[in-house]
Amino acid sequence: MAFNKNNWLKKIMENPKWIGYPMILLLLSGIFILMMTSAYRFFDIINTTIKAGGFIDIEFQYVSAKMITIIDTFILITGLFIFATSIFKFFIGPINQHIGMSIHDVNELKISISKVIVLFLVTYLANLIVDVGDPKIVLYNAISIGIVCIILIWYIIAAKNGKNELKSDKNAQKTTKK
């Protein structure tokens, strides 16, 4: 029996579950780590508030920066979860998803991830405004984040319009066939 070097590669390529499961496990472990990090930050805020004697004596900038970071982390967790369920659906098989998270193709996945990135960048900018004292740094970051958000929003709109045009083309083809 001759040794075929590409036999193992062929088996992996014919059965994409071997690729999908490790990706999903890595994403879910990342989600778990981010959740623990957010819980730690939340309990840090509570601990600092108790040590300071209540919300009156605590520094507002500290609490708001930590809360924005927690919100930012949960937006990232949501994006990773959408990505993990989409990978499961694409590589492994059908999954019962909530209607709002139903992603049918790669373009819908890119649109969903683009929305999450825009939310992430906006909350990151809010965190920069609260945290950073130098207005020049905030302005430079705001300009770069604004440009990226404009490009991503343009992509979302263009992808949705392209999908609608594709649907209208299919409907026109169906009516001409009848």
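**Close-up views of a predicted five-helix chain**

**Figure 1. Leu-125 in helix H4.** Leu-125 is found in helix H4 of this predicted model. The residue counts as buried, since its relative accessibility is 19% and the cut-off for burial is under 20%. Beyond its neighbours within four places in sequence, Leu-125 is in contact with Val-138, Asn-141, Ala-142 and Ile-145. A further reference distance links Leu-125 to Ile-68: the two residues are 57 positions apart in sequence, and their C-alpha atoms are 9.7 Å apart in space.

**Figure 2. Thr-123 and its polar contact with Asp-72.** Thr-123 also has its place in helix H4, which comprises residues 106-131. With a relative accessible area of 15%, Thr-123 is buried. Which side chain makes a polar contact with the side chain of Thr-123? The partner is the side chain of Asp-72, at 2.5 Å. When neighbours within four places in sequence are set aside, the residues in contact with Thr-123 are Ile-68, Ile-71, Asp-72 and Ile-75. Asp-72 therefore appears both in this contact list and as the polar partner of Thr-123, where contact means heavy atoms within 4.5 Å.

**Figure 3. The pairing of helices H3 and H4.** Helix H3 spans residues 60-92, and its axis comes within 9 Å of the axis of H4. The two axes cross at roughly 170°. Because angles over 145 degrees count as roughly antiparallel, H3 and H4 are described as roughly antiparallel to each other. The residues of the contact between H3 and H4 divide into 17 nonpolar, eight polar and two charged.

**Figure 4. Ser-38 in helix H2.** Ser-38 lies in helix H2, which covers residues 17-52. The residue is buried, with a relative accessible area of 1%. Apart from its neighbours within four places in sequence, Ser-38 is in contact with Ile-70, Thr-73 and Phe-74.

**Figure 5. Met-35 in helix H2 and its distance to Thr-73.** Helix H2 is also the place of Met-35. Is Met-35 buried or partly exposed? At 39% relative accessibility, Met-35 counts as partly exposed. Between Met-35 and Thr-73 there are 7.9 Å in space, C-alpha to C-alpha, and the two are 38 residues apart in sequence. Thr-73 is, in addition, one of the residues in contact with Ser-38.

**Figure 6. Thr-78 in helix H3 and its distance to Ile-31.** Thr-78 lies in helix H3. Its relative accessibility of 43% places Thr-78 in the partly exposed class. The C-alpha atoms of Thr-78 and Ile-31 are 8.6 Å apart, while the residues are 47 positions apart in sequence.

**Figure 7. The whole chain as context for the close-up views.** The protein chain contains five helices and zero strands. Read along the sequence, its pattern is α-α-α-α-α. Of its 178 residues, 26% count as buried. Among contacts in the protein chain with a separation of 6 or more, 64% join residues 24 or more positions apart. The chain exposes about 12,800 Å², of which carbon and sulfur atoms supply 70%.

Terms used
Residues are numbered from 1 along each chain as its sequence is written. This is a predicted model: local features need pLDDT of at least 70, side-chain atom pairs count only at pLDDT 80 or more; totals for chains, interfaces and linings use all residues. Side-chain values use heavy atoms; hydrogens and water are left out. Helices (H or I, at least four residues) and strands (E, at least two) are DSSP runs, numbered from the N terminus. Buried means under 20% relative accessible area, exposed over 50%, partly exposed in between (1.4 Å probe, protein chains only). A polar contact is a pair of N or O atoms within 3.5 Å; within protein, one must be able to donate a hydrogen and the other to accept it, and residues adjacent in sequence count only if both atoms are side-chain atoms. Axes are lines fitted to C-alpha atoms, for helices over the stretch in contact, and angles run from 0 to 180 degrees between N-to-C directions. Angles under 35 degrees count as roughly parallel, over 145 as roughly antiparallel, 65 to 115 as roughly perpendicular and the rest as oblique. Ala, Val, Leu, Ile, Met, Phe, Trp, Tyr, Cys and Pro count as nonpolar, Asp, Glu, Lys and Arg as charged, and the others, Gly among them, as polar. Accessible areas come from the Shrake-Rupley method with a 1.4 Å probe; for residues, only the protein chains shown count as cover.
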